[in-house]
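Trainee: Please take one part of this chain and examine it closely. I would then like to see how that part relates to the wider arrangement.

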Amino acid sequence: MSAVSRDLIQLRPEGLYCPAGDFHIDPWRPVPRAVITHGHGDHARIGMGAYHTTRSGLPILEWRLGEQVYVAHEYGAPFRMGAATVSLHPAGHVLGSAQVRVEVDGEVWVASGDYKRQPDPTCVPFEVVRCDTFITEATFGLPVYRWPDTAEVARDIVDWRDHCAGRGEAAVLFCYALGKAQRVLAELAVHTDRPALLHGAVAAGVEVYRRAGVSMLATLPVNETARGADFAGQLVIAPPSAAGSAWMRRFRRAQQGFASGWMRIRGNRRRRNYDRGFVVSDHADWPDLMRTVRETGASRVIATHGNTDAIIRALREDGIAAEAFRTDFGGEE
Ligand SMILES: [Zn+2]
Ligand SMILES: [Zn+2]
């Protein structure tokens with residue numbers, strides 16, 4: 001029989017669990033009390049008794065999950081869950097995204113959820129929260145992943161659209177519908193004032209962001225554009241699921257691009273037949289993962305999401321106790 005773990009956050013079949021507070025963080029099976037870091041599908045699932053979220057993340061959960069029992073908290077405002085003091089802190093990932101800080105008897109754990117350190121005009125920047133144990137995501141936990149300046153990438157996207165215009169083609173850019181599309185539209189507004197056309201799945205999320213006061217490039221729904229319209233020179237934003245679908249047939253001539261951290265690897269673009277790859281990610285790149293772990297001051301680190309081996313090895317070389325949790329996260333990228 002194994003000893004009872006005293007860890008503040010533990011891996012259970014339902015997801016990350018805090019025994020002292022009797023709640024789960026981003027659980028993947030139904031539980032009574034869930035603290036949700038953000039609205040992506042691998043973190044915010046249906047079937048929880050109550051959803052604790054940030055105030056700014058609430059409209060996103062309402063969009064994705066519909067009517068539920070929600071408890072909204074301001075960033076940094078502590079609340080009690082059983083014997084635990086919990087607070088939510090900006091993760092810089094998407095609108096309303098949060099890290100979860102848990103304190104019990106003076107010991108502090110932070111579960112990062114997904115996060116990034118790059119500037120993003122659509123959400124509050126990541127806040128470094130000092131802790132004893134840091135549960136970090138590691139979606140892009142390999143040294144090859146280093147992000148370029150997103151403002152420069154946005155200029156490349158405008159240049160690509162103009163290049164397509166010269167060839168009589170539409171420029172169809174695939175972006176995740178929550179977070180990435182809005183961030184790209186906000187960055188594009190600096191470089192162009194020609195509206196972008198939106199696929200319906202993207203338009204819904206853009207509307208949620210606009211209602212929250214996020215300023216972005218002007219947009220029009222593709223559906224309201226006349227059938228048989230000439231889309232030459234138009235920038236069209238669509239979710240990755242639209243690639244290869246019947247929806248694409250309306251564009252007689254189009255180039256297809258993908259905005260994702262995965263585009264850092266040229267083979268990914270070729271394998272999926274994109275004409276262009278734009279490196280834009282809402283996750284921390286390798287240098288920012290390593291920097292963030294150090295800045296938290298944590299003596300113990302638990303990695304989740306994807307590429308955990310390299311980060312564990314690098315941290316152990318620095319004398320930090322590092323291990324992995326095998327989680328069900330990692331869907332959106
Ligand atoms: Zn996410
Ligand atoms: Zn995730």
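Mentor: Strands are here DSSP runs of E with at least two residues, numbered from the N terminus. On that basis, Arg45 sits in the loop that joins strand S4 (33-35) to strand S5 (50-54). The model is a predicted one. Arg45 has a relative accessibility of 23% and therefore counts as partly exposed, since that class begins where the buried class, under 20%, ends.

The surroundings of Arg45 come next. When neighbours within four places in sequence are set aside, Arg45 is in contact with Pro27, Trp28, Tyr51, Leu65 and Asp328. Within the local stretch of chain, a polar atom of the Arg45 side chain lies 3.4 Å from the backbone oxygen of Asp42. Thr308 is 263 residues away from Arg45 along the chain, and the C-alpha atoms of the two are separated by 24 Å.

The wider arrangement gives this loop its setting. The chain is divided into domain 1, made of 3-144 and 283-325, and domain 2, made of 150-278; Arg45 falls in the 3-144 segment of domain 1. The C-alpha centres of the two domains lie 30 Å apart. Contact between them involves 17 residues of domain 1 and 19 residues of domain 2. Together the domains bury about 1,500 Å², of which 72% is on carbon and sulfur atoms. On the domain 1 side, Trp63, Thr122 and Phe140 lose the most area to domain 2, and together they account for 37% of what that side buries.

Polar features also occur at this boundary. The rule finds one salt bridge across the interface of domain 1 and domain 2, and it finds four residue pairs in polar contact there, with both residues at pLDDT 80 or more. The residues on the side of domain 1 that touches domain 2 comprise nine nonpolar, five polar and three charged. Asp120 lies in the 3-144 segment of domain 1 and Arg183 in domain 2; their side chains meet in a salt bridge, with an N to O distance of 4.0 Å.

Arg183 leads on to helix H3, which covers residues 180-188 and is mostly covered, with nine of its nine residues buried. Beside Arg183, the buried residues of H3 include Lys180, Gln182 and Glu187 as well as Ala181, Val184, Leu185, Ala186 and Leu188. Arg183 is thus a buried residue, whereas Arg45 is partly exposed.

Definitions and conventions:
Residues are numbered from 1 along each chain as its sequence is written. Chains are lettered from A and ligands numbered from 1 in the order in which they are written. This is a predicted model: local features need pLDDT of at least 70, side-chain atom pairs count only at pLDDT 80 or more; totals for chains, interfaces and linings use all residues. Side-chain values use heavy atoms; hydrogens and water are left out. Buried means under 20% relative accessible area, exposed over 50%, partly exposed in between (1.4 Å probe, protein chains only). Helices (H or I, at least four residues) and strands (E, at least two) are DSSP runs, numbered from the N terminus. Domain bounds come from an automatic or database domain assignment. Contact means heavy atoms within 4.5 Å. Buried area is the accessible area (1.4 Å probe) that two parts lose on being put together, summed over both. A polar contact is a pair of N or O atoms within 3.5 Å; within protein, one must be able to donate a hydrogen and the other to accept it, and residues adjacent in sequence count only if both atoms are side-chain atoms. Ala, Val, Leu, Ile, Met, Phe, Trp, Tyr, Cys and Pro count as nonpolar, Asp, Glu, Lys and Arg as charged, and the others, Gly among them, as polar.
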